[in-house]
Amino acid sequence: MTDHSLHTADAQSPQIAIIGAGLTGLFTATLLERAFRQANDRALVPQITVFEKSAGVGRLATRYRSDSVTKQNWQWAFGAQFFTAKTSSFQQFIAPWLESKLIQPWCAQVVDLNPASVSGQSLDIQQKEQWDTAQARYISTPKMTSWGRALADELAHTTINFKTRVAPLAHDTQNQVDNKTELFDETGDSLGYFDWVICTAPNAQAVELMANSGFTKQAKIIEPQMQACYTLMLGWDNVQPLPEALNKQGKPAWDVAYVHDSIIDRIFIEQQKHAHDELLPSVTIHARNDWSEQQVDEDIETVKAQLLQAAQKALNWNEDSAPSQVDCHRWRYAATIIGTDKEALGILLDQQQQWIVSGDWCGQGNIESCYQMAQQTVEMVCQTT
C-alpha cells in the first residue's frame, strides 16, 4: 500500500471539497481519510465535503423493476458490468470487500455471437473463453451499486451533499487572504470555503467548471476523447419462452456474448451472476461506443428502436419470446479513447490554487484508473498539507 503519511507542521484541519460522488470521488475520500488516520494526529482530522449533482453514488449503476404478480425483480447492471484489479495496490484495496463477499469474482462463460441475418444466415454461437480467477473480473453483489453505497457508508469524516450542482469556478471566488476557494451552487448560494478543490467530473464537465477559473492545466483537460454508450435493458416473464440465444437447449451455455457485425458490442445475462438466482430473466446490452457517439444527440426512443431491432437479430426472438420489459439509457461519457502512442495524463494540478482535476479519464478509463487517480490526488495533497 502506498504510504500517504502527512506532514504535520500545520495542525489546522484542512477543508477539502470533492466534486462528484462517482468512484473516483469515493476512492479519493476513502484514501484521504486513511492518510489522515495514518498521521496519528487527531488535530488533523479532515473535513471532506463531496458535492454530487445526482441522487446517488458511484458509477456502478443498477436498475430494477418488480413484477406485480410474482413479486420477483428484473435487475440490470446498466453501467460498468465488472471491473479488474491488475495492480497489487488495488488488489489490496478491494480485499476487505472480497472477504465479506460484497465483491466476488465473476467466472463468466464467454461466447462469440453472430446474429441471424436477413439473407437467411442462422444464429451462430461459439465458445470463446471462460473468465477465471487468474485474471478475475469482479462484480458487486447483490447489486453493482452495493459497493458504492458501502464506500459512502464507511466514510467517517466526509459529508456527501446530493442533488447539489457546483457552479463554474472563477477568479473572483478566490479568497486570497486565507488562500481558500469559495464554492457556489448553481443558484449562487455559497457552499463554503475550502483549502483543496478536487474535481472528479467527466472531462467535458470539468472543462465547463474550470473554463473561467484560470486553471493552469485547462488545455490538458480536453486531450482525452470520450465516447458515449447506449445501454438496452430487456426482461422476460417467468411464463414466457426465451429467445433462441437464451435457450440452452443445443447451445453453448454462456453469460457474456461478444456480438459481431452489429451495432451491439456485448450482451450480459444478469440472472446467472452471483446472488442473482431469484431474478427474472434479465439481459443488459451495451451498444458499440463508436455507434453510440454518432447517435449521442438522437431521440432516445429512436435509438431504442434501432437497438431493439439489432437485439432481436442477436437473440433471435419471435412474437411469443419477445421481451416484456424494455428500457434504454444513454451514457454520454462512457469510454475513454487513448491513442497507442499516448500516455495517460494523470491528475491535473494547479499548485498555487490547490485545485486538482481528476477522473478515470486521466488514466485508462476503467474502475482501476479511478483508484489510481485517487492515489495520485492523495499523494499530492499529503505532500503539501
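The paragraphs below lead through a predicted model, from its confidence to a three-stranded sheet, the helices beside that sheet and a further set of paired strands.

Confidence comes before any detail: the chain has a mean pLDDT of 90, and 92% of its residues reach 70 or more. The stretch to set aside is residues 1–10, where pLDDT stays under 50, although the model has 28 contacts beyond four places in sequence for these residues. Where pLDDT is low, the predicted coordinates should not be read in detail.

A convenient place to begin is an open sheet of three strands, which has the order S5-S9-S6 and pairs in the antiparallel sense. Strand S5 (83–84) and strand S6 (103–105) stand at its edges, and because each has a single partner strand, one side of each is left without a neighbour in the sheet. S5 is joined to strand S9 (residues 137–140) by two bridges, with the two strands running antiparallel, and within this pairing Phe83 stands opposite Tyr138 in S9.

These two residues also meet through their rings. The structure holds 20 aromatic pairs, and one of them is formed by Phe83 and Tyr138, whose rings are tilted, at 5.6 Å centre to centre and with 35° between the planes. Since Phe83 lies in strand S5 and Tyr138 in strand S9, the pair ties together parts that are 55 residues apart in sequence.

Helix H2 (residues 88–99) lies across S5, S6 and S9, and runs at about 110° to S6. H2 also packs with helix H1 (residues 23–38), at an angle of about 90° and with the axes of the two helices 14 Å apart, which means that H1 is roughly perpendicular to H2. In this contact, Phe27, Thr30, Leu31 and Arg34 of H1 meet Phe90, Phe93 and Trp97 of H2, and the contact residues divide into five nonpolar, one polar and one charged.

Another set of pairings is built around strand S7 (residues 109–114), which is joined by six bridges to strand S8 (residues 124–130), the two running antiparallel. Asn114 has Asp124 in S8 as its bridge partner. S7 also pairs with strand S16 (residues 256–259), here in the parallel sense and over four bridges, and the bridge partner of Val111 in S16 is Ala257. S7 thus takes part in an antiparallel pairing with S8 and in a parallel pairing with S16. When following any of these strands by eye, it helps to recall that in a regular strand the side chains alternate between the two faces of the sheet.

Key:
Residues numbered from 1 in each chain as written. Predicted model: local features only at pLDDT ≥ 70, side-chain atom pairs only at ≥ 80, totals over all residues. Heavy atoms only, no water. Pairing = 2+ DSSP bridges. Contact = heavy atoms within 4.5 Å. Axes fitted to C-alpha atoms, helices over the stretch in contact; angles between N-to-C directions. pLDDT = per-residue confidence, 0-100. Parallel < 35°, antiparallel > 145°, perpendicular 65-115°, else oblique. Nonpolar A, V, L, I, M, F, W, Y, C, P; charged D, E, K, R; others polar. Phe/Tyr/Trp six-rings, centres within 6.5 Å; stacked < 30°, edge-to-face > 60°.
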